[in-house]
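Student: Hey, got a minute? I'd like to go through a model with you, a bit at a time.
Tutor: Sure, put it up and ask away.
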Amino acid sequence: MELSGEDKRIQASFHELRLEDERFTPRFAAMSDRAHLSSARREIAFDFRIAAAVVIVCLAVFSLALLSRYWLRSPQLSYAVANGAVKSGVNPAQIKEDRELIPRDERVEVVRKARPVRFTTHKQMTRLAARLPITSEAIALSRWQSPTTSFLRSPGDEMLRALPQLNQSLHEMESFLPNRTN
Amino acid sequence: MNISELKAELEKLHSSSFGWALSCCRRDGGEAEEVLQTVYLKILEGKARFRGESSFRTWLFAVIHKTAAGERRKSLLRKLRLLGESQGRIDRIASAERPDAAAERSETQTRFQRALEQLPVRQRQTLHLVFYQDLSLREAADVMDISVGSARRHYERGKQRLRESLGEAEIGYGVKWRGQKNPGVVS
């Protein structure tokens, strides 16, 4: 590029600037070493971040496992869930009392023995939840009584259901027989 | 190009690279060192690869230019996040110039650097690449990732503005100097 007089003056100024910069330029070896050092430091920081993340994940998994074990070993709560207590909003303690009223065969015993800790709690609970309506319906059906049952009752029900004793007197037996005079 | 060849090339161009990094970092020595360090790391770790599409020097200067722009963006974000700290950083940048260099510098050179600082970034960088680094306008355009036409426009306008500000400074200096020597002449 051809330079005019003015351009030459600018170039001379730039040349002077260059000389000034060269005096304060850091050595290449020092800069290269520093670059490697900062790279190593960055790698260490990165490793530390990964280690911290792994520790946090491990803690979370461990606490989840502990919680699930505690939850599975609590028979009262499991029983309450299985029998619809949680869904219906009834106090689990109340359900424990009601448990005695339910016939033994109809009870749903969820926890019969301590299970090993497994990570299928959610699946199990989903299965239990699916059984909830069926169980509660079965209990309701077994307890059902017709509203007109009371009309069929009479004071002599006991006599009708019982067989006469062999040593019972004839007079007593006649009282049950229709009057012949009629 | 293997690592040892790369290192040899970088060492050969180290002084020019530092000058270009200084220009990209508004003559802040600390920032320029940081940028150059990052560039070396990028190249030696293989994150920036020379494919031989241009000369090594043009490619290296382009990497420095991009890295400096990235660093500037990061520092702007930092400033936005911590406004209080940014004030301190601005003060640091303003006083980043070496005092011994400033003391030894000639009056003409001081005026020249002041005039250069007043130029827009693109114009200042084009002039730097052409006059300081002895690159052609095409190479300067490649480094700055702009068209040759734009580079030429920045070059012409930059020269014009530099001449004007230098002329104004000289006139101002002369009047002041004469005023001090003979106060009666200037009221």
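Student: How many C-beta neighbours does R26(B) have inside 10 Å, and is R26(B) buried or exposed?
Tutor: R26(B) has 16 C-beta neighbours inside 10 Å, so it counts as partly exposed. The cut-offs: buried is 20 or more other C-beta atoms within 10 Å of the residue's own, exposed is 12 or fewer, partly exposed is in between, and the C-beta atoms are placed from the backbone. Keep in mind that this is a predicted model, where local features need pLDDT of at least 70, side-chain atom pairs count only at pLDDT 80 or more, and totals for chains, interfaces and linings use all residues. Residues are numbered from 1 along each chain as its sequence is written, and chains are lettered from A and ligands numbered from 1 in the order in which they are written.

Student: OK. Where does R26(B) lie?
Tutor: R26(B) is in the loop between α2 and α3 of chain B. Helices here are DSSP runs of H or I with at least four residues, strands are E runs of at least two, and both are numbered from the N terminus. The phi of R26(B) is near 50 degrees, which is positive although the residue is not glycine.

Student: And what about phi of R27(B)?
Tutor: Phi of R27(B) is near 60 degrees, again a positive value in a residue other than glycine. R27(B) sits in the loop between α2 and α3 of chain B and is partly exposed, with 17 other C-beta atoms within 10 Å.

Student: Switching to E33(B): which residues is it in contact with, leaving aside neighbours within four places in sequence?
Tutor: P26(A) and M31(A). Contact means that the C-beta atoms, placed from the backbone, lie within 7 Å. E33(B) is in helix α3 of chain B and is partly exposed, with 19 C-beta neighbours inside 10 Å.

Student: So how many residues of chain B are in contact with chain A?
Tutor: 24 residues of chain B, and they touch 22 residues of chain A. On the chain B side, α3(B) gives the most, with 6 residues. By class, that side has 10 nonpolar, 8 polar and 6 charged residues. Nonpolar is Ala, Val, Leu, Ile, Met, Phe, Trp, Tyr, Cys and Pro, charged is Asp, Glu, Lys and Arg, and the others, Gly among them, are polar.

Student: What does chain A have in the way of helices and strands?
Tutor: Chain A has 8 helices and 0 strands. Of its 182 residues, 9% count as buried.

Student: How many residues are in the largest nonpolar core?
Tutor: 42, with A21(B) and V35(B) among those with the most contacts inside it. A core is a set of buried Ala, Val, Leu, Ile, Met, Phe, Trp, Tyr and Cys residues joined through C-beta atoms within 7 Å. Its largest share, 7 residues, comes from α3(B). Outside four places in sequence, A21(B) contacts A32(B), V35(B), L36(B), I64(B) and A68(B).

Student: Last one: at roughly what angle do the axes of α8(B) and α9 of chain B cross?
Tutor: Roughly 130 degrees, and the axes come within 9 Å. Those axes are lines fitted to C-alpha atoms, for helices over the stretch in contact, with angles from 0 to 180 degrees between N-to-C directions. The contact involves Q125(B), T126(B), L129(B) and V130(B) of α8(B), and L137(B), A140(B), V143(B) and M144(B) of α9(B). Those residues divide into 6 nonpolar, 2 polar and no charged.

Methods: Contact = placed C-beta atoms within 7 Å.
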